[in-house]
Amino acid sequence: MDKTITQTIAEYTNEVLGSLDNLSFFTDEETRGIAFRYMDILQDWGDIRNPQNVIEKDLLEVCSKPEEMQQYFALMLSQMPKCSILNKYDERLERYKERFGRELAEQAENLIEWLTLELDGLMHQLLKVGKKYGLTNPYEEEWLNELRGTFEQTDTKKEVCEHTEQKPTRRRGRPTETFKDKMNDDEDGSKLQKIHVLMKGKKGKDAVLVLLACVLKGWMDRPTYTQVKNEFGDIGSKTGFNRYFAESMFTVEEIKGAKNRLD
């Protein structure tokens, strides 16, 4: 095999971001079509409900021995983004504002946030595969230290997303969604009301644990940071939200307890 599946994921991601950096993305349908085709592929691969895990398939096809699996798993992790690409978005947004104006810049921001959500799903799939086969994440301590540093800093930056969630217009348009739209089988709003009770006063890891439990129980599909913030207010940093939204960041007991509190 010439390259790992995660290297392909990285290439697709760079293609999408490269399209955003080009004004033709907003005017040329062919360029937009290519970028969104890659985004749709990443969305399918990162869907935790998808029984066909392309990352696991890649791992098993390449490796026949346990030591090979560990080495290949580490390589796959090194090729996936360790941090949300939104962490570096401030400078992108300012550049987009200068080139495209605020409205198009905000469309670009929404696209990047959506893309980040799909990359988070792929990272979740990758870590889940490693856990299944007893593989070690050599970057775990590095990631945790980076995350601790993020929460120790006082957030003095003006929030970039000071607008309602709105997906950019395109031929195959993605509908505008709120947190409520992410709920499953909650016509009477009772589940959402229960989530509000459990989310009261929670931030950071504690808040994400409640939401992750909701997703794992099938109460809802995974929401974006903006959707959660619009619904519950200040829940901490976007970096922490994206990093913590994975089963591997919590113990089995923590997840079980969070699920039980939803009953």
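**Buried helix H9, aromatic pairs and nonpolar cores**

In this predicted model, the buried residues of helix H9 are Gly-204, Ala-207, Val-208, Leu-209, Val-210, Leu-211, Leu-212, Ala-213, Cys-214 and Val-215. Because 10 of the 13 residues of H9 are buried, the helix is largely enclosed by the rest of the structure. Helix H9 covers residues 204–216, and its end C-alpha atoms lie 18 Å apart, which agrees with the 18 Å that its 13 residues should span at 1.5 Å a residue. Just after H9, Gly-218 adopts a positive phi of about 85 degrees.

The structure contains 5 aromatic pairs. One of them joins Tyr-12 and Tyr-38, whose ring centres are 4.2 Å apart and whose planes meet at 25 degrees; since planes under 30 degrees apart count as stacked, this pair is assigned to that class. Distant parts of the chain are linked by the pair, given that Tyr-12 belongs to helix H1 (residues 5–20) and Tyr-38 to helix H2 (residues 29–46), with the two positions 26 residues apart in numbering. Tyr-12 has a relative accessible area of 18% and is therefore buried, and Tyr-38, at 15% relative accessibility, likewise counts as buried. A further aromatic pair, formed by Phe-241 and Phe-245, is edge-to-face, with 5.4 Å from centre to centre and 65 degrees between the planes; both of these phenylalanines are buried.

Ring pairs also connect Tyr-12, Tyr-38 and Trp-45 into a cluster. At Tyr-38, the ring has the charged end of Arg-37 sitting over it, at 4.9 Å from the ring centre.

Trp-45 appears again in the largest nonpolar core, which has 33 residues and in which Leu-42, Trp-45, Leu-59, Leu-122 and Leu-126 have the most contacts. Two or more residues are given to this core by each of H1, H2, helix H3 (54–62), helix H4 (66–79) and helix H6 (102–132), and the largest share, 11 residues, comes from H6. When neighbours within four places in sequence are set aside, the contacts of Leu-122 are with Ile-9, Leu-42, Trp-45, Gly-46, Ile-55 and Met-80. Apart from this core lies another, of 30 residues, which includes Leu-192, Leu-198, Ala-213 and Val-215; of these, Ala-213 and Val-215 are among the buried residues of H9.

Conventions:
Residues are numbered from 1 along each chain as its sequence is written. This is a predicted model: local features need pLDDT of at least 70, side-chain atom pairs count only at pLDDT 80 or more; totals for chains, interfaces and linings use all residues. Side-chain values use heavy atoms; hydrogens and water are left out. Rings of Phe, Tyr and Trp (its six-membered ring) pair if their centres lie within 6.5 Å; planes under 30 degrees apart count as stacked, over 60 as edge-to-face and the rest as tilted. Helices (H or I, at least four residues) and strands (E, at least two) are DSSP runs, numbered from the N terminus. Buried means under 20% relative accessible area, exposed over 50%, partly exposed in between (1.4 Å probe, protein chains only). A charge sits over a ring if NZ of Lys or CZ of Arg is within 6 Å of the ring centre and within 35 degrees of the ring normal. A nonpolar core is a set of buried Ala, Val, Leu, Ile, Met, Phe, Trp, Tyr and Cys residues joined through side-chain atoms within 4.5 Å. Contact means heavy atoms within 4.5 Å. The expected span of a helix is 1.5 Å times one less than its number of residues.
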